[in-house]
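Good morning, and thank you for coming. I would like to take you through a structure that is new to this group, beginning with its overall make-up and then turning to particular helices, strands and residues.

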Amino acid sequence: MFVLLVLVVFLYVFSSFKNASRIVGDPSIKFVGEENLFITHETVSKLLIQNQEGIKNKAKEIIDLNGLESALNSNPMIKEAQVFMSVDGSITAEIKQKKPIARVSTNASYYVDEQGSFMPLSTNYTARVPLVTGIILKNDLKNVYTIAKKIQSDEFLKKHVVEIHQNENKTIDLKFRLYDFKIELGPLKLLDKKINNLKVFCQKAIKDKTIGNYSVVNLKFDNQVICTKK
C-alpha cells in the first residue's frame with residue numbers, strides 16, 4: 001500500500017513538472033466578429049513578443065497570461081483581448097477590435113468608436129463612416145458621439161449623412177450624400193423629434209420634386225422646419 005502511494009505521488013509530481021516545462025509554440029491569433037481588420041495579425045504578434053520578450057520556446061510556467069492580455073488591451077485599436085493556454089502549451093489570443101462610427105478630420109485625424117472613445121486611423125483598412133469637421137476636442141467627444149451613434153442606428157441617416165460639423169457653440173450641422181443643402185440640427189436636445197421632422201421634410205420634398213431648391217434646412221425649432229431657398 002505504501003509503495004503504491006509513493007508511486008502515485010511520484011507520477012503526479014512528474015506529470016506536473018512535465019506539463020509546466022512544456023515549450024510554448026507560436027501563438028494562434030483569432031479575430032472575433034469584424035471581417036475588416038484595422039489591426040493585423042503581425043501587429044498582435046509583435047505586441048505579444050514585446051511584452052514577453054518572445055514567448056516561443058519558453059516553458060509554460062513562466063508565461064504571464066494576464067500580462068499578455070494587458071499588453072493587448074492597452075492597444076487603442078483593441079476593444080477586448082483574451083489569452084488562453086491549452087494543456088499542450090498552445091497559446092491562443094482572441095481579439096475584438098474597436099468599431100469606428102465616425103472619422104474626425106480637423107487638425108488631427110482619428111476615429112470615434114462605438115463607445116465614444118478615441119481610435120487611431122489604420123493603415124490596413126479605412127472605414128466608411130461619416131466625416132466629422134469643425135471644432136473638435138479629443139477629450140470632449142460626447143456631442144459628436146451622440147449624433148454619430150444616432151446615424152449608425154438609423155437606416156435613413158446611415159444611407160444619407162456623409163458629414164457631421166460641430167460649430168464653436170457645439171451646435172451640429174449635417175450634410176447629405178445626394179443633396180447639397182446644409183442641415184442645421186442646432187443643439188442635440190429633442191434629437192429624435194428633429195430627425196423625424198427631417199424625414200418628413202425629405203419625403204415631401206422628394207415627392208414634390210423640390211428637394212434640390214434649398215440651401216439650408218433648419219431643424220433648430222422642434223415644431224417646424226425652416227428652409228432657405230437657393
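Let me begin with a definition: the helices and strands I shall name are DSSP runs, of at least four residues for a helix and at least two for a strand, and they are numbered from the N terminus. Please keep in mind throughout that this is a predicted model.

With those terms, the protein has six helices and twelve strands. It consists of 230 residues, of which 37% count as buried. The accessible surface comes to about 13,800 Å², and carbon and sulfur atoms account for 53% of that surface. As for contacts between residues at least 6 apart in sequence, 51% of them join residues at least 24 apart.

I turn next to the sheet. Nine strands form an open sheet with mixed pairing, and their order is β6-β5-β4-β7-β8-β9-β10-β11-β12. The edges are held by β6, residues 118-119, and by β12; each has a single partner strand, so one side of each is left without a neighbour in the sheet. Within this sheet, β4, residues 100-105, and β7, residues 131-134, run parallel and are joined by two bridges. Arg-103 stands opposite Leu-131 in β7.

Two helices lie across strands of this sheet, and I shall take them in turn. Helix α4 lies across β4, β5, β7, β8, β9 and β10, and runs at about 165° to β8. This helix has twelve residues and reaches 17 Å from its first C-alpha to its last, close to the 16 Å expected at 1.5 Å a residue. Which residues of α4 are buried? They are Asn-143, Val-144, Ile-147, Ala-148 and Ile-151. Seen down the axis of α4, these buried residues fall within an arc of 120°, so they line one face of the helix. A general point is useful here: an α-helix has 3.6 residues a turn, so residues three or four places apart point the same way. On the other side of α4, Lys-142 and Ser-153 are exposed.

The second helix is α6, residues 191-208. It has 18 residues and spans 26 Å from first C-alpha to last, close to the 26 Å expected at 1.5 Å a residue. Helix α6 lies across β9, β10, β11 and β12, running at about 155° to β10. Its buried residues are Leu-191, Lys-194, Ile-195, Asn-197, Leu-198, Phe-201, Cys-202 and Ala-205. Those residues cover an arc of only 155° around the axis, which puts them on the same side of α6. On the other side of the helix, Asp-192, Gln-203, Lys-204 and Lys-207 are exposed. What covers the buried residues of α6? The cover includes the helices α4 and α5 as well as the strands β9, β10, β11 and β12.

Let us now look at one residue in the sheet. Leu-174 is found in strand β9. Is Leu-174 buried or exposed? Its relative accessible area is 1%, and Leu-174 is therefore buried, the cut-off for that term being under 20%. Neighbours within four places in sequence aside, Leu-174 is in contact with nine residues that I shall not list in full; among them are Ile-147 and Ile-151, both of which are buried residues of α4. Leu-174 and Gly-186 lie twelve residues apart in sequence, and their C-alpha atoms are 9.9 Å apart in space.

A further buried residue is Thr-92, in strand β3, residues 91-97. Thr-92 has a relative accessible area of 18% and is buried. Leaving aside neighbours within four places in sequence, Thr-92 is in contact with Ser-28, Lys-30, Gln-82, Val-83 and Phe-84.

Finally, some remarks on the backbone. Lys-170 lies in the loop between β8 and β9. Although Lys-170 is not a glycine, it has a positive phi of about 70°. At 40% relative accessibility, Lys-170 counts as partly exposed. Leu-190, in the loop between β10 and α6, is likewise not a glycine and has a positive phi of about 55°. Just after α6, Lys-209 takes a positive phi of about 60°.

That concludes my presentation, and I thank you for your attention.

Definitions and conventions. Residues are numbered from 1 along each chain as its sequence is written. This is a predicted model: local features need pLDDT of at least 70, side-chain atom pairs count only at pLDDT 80 or more; totals for chains, interfaces and linings use all residues. Side-chain values use heavy atoms; hydrogens and water are left out. The expected span of a helix is 1.5 Å times one less than its number of residues. Buried means under 20% relative accessible area, exposed over 50%, partly exposed in between (1.4 Å probe, protein chains only). The arc is that of the directions from the helix axis to the C-beta atoms. Contact means heavy atoms within 4.5 Å. Accessible areas come from the Shrake-Rupley method with a 1.4 Å probe; for residues, only the protein chains shown count as cover. Two strands pair if DSSP finds at least two bridges between them. Axes are lines fitted to C-alpha atoms, for helices over the stretch in contact, and angles run from 0 to 180 degrees between N-to-C directions.
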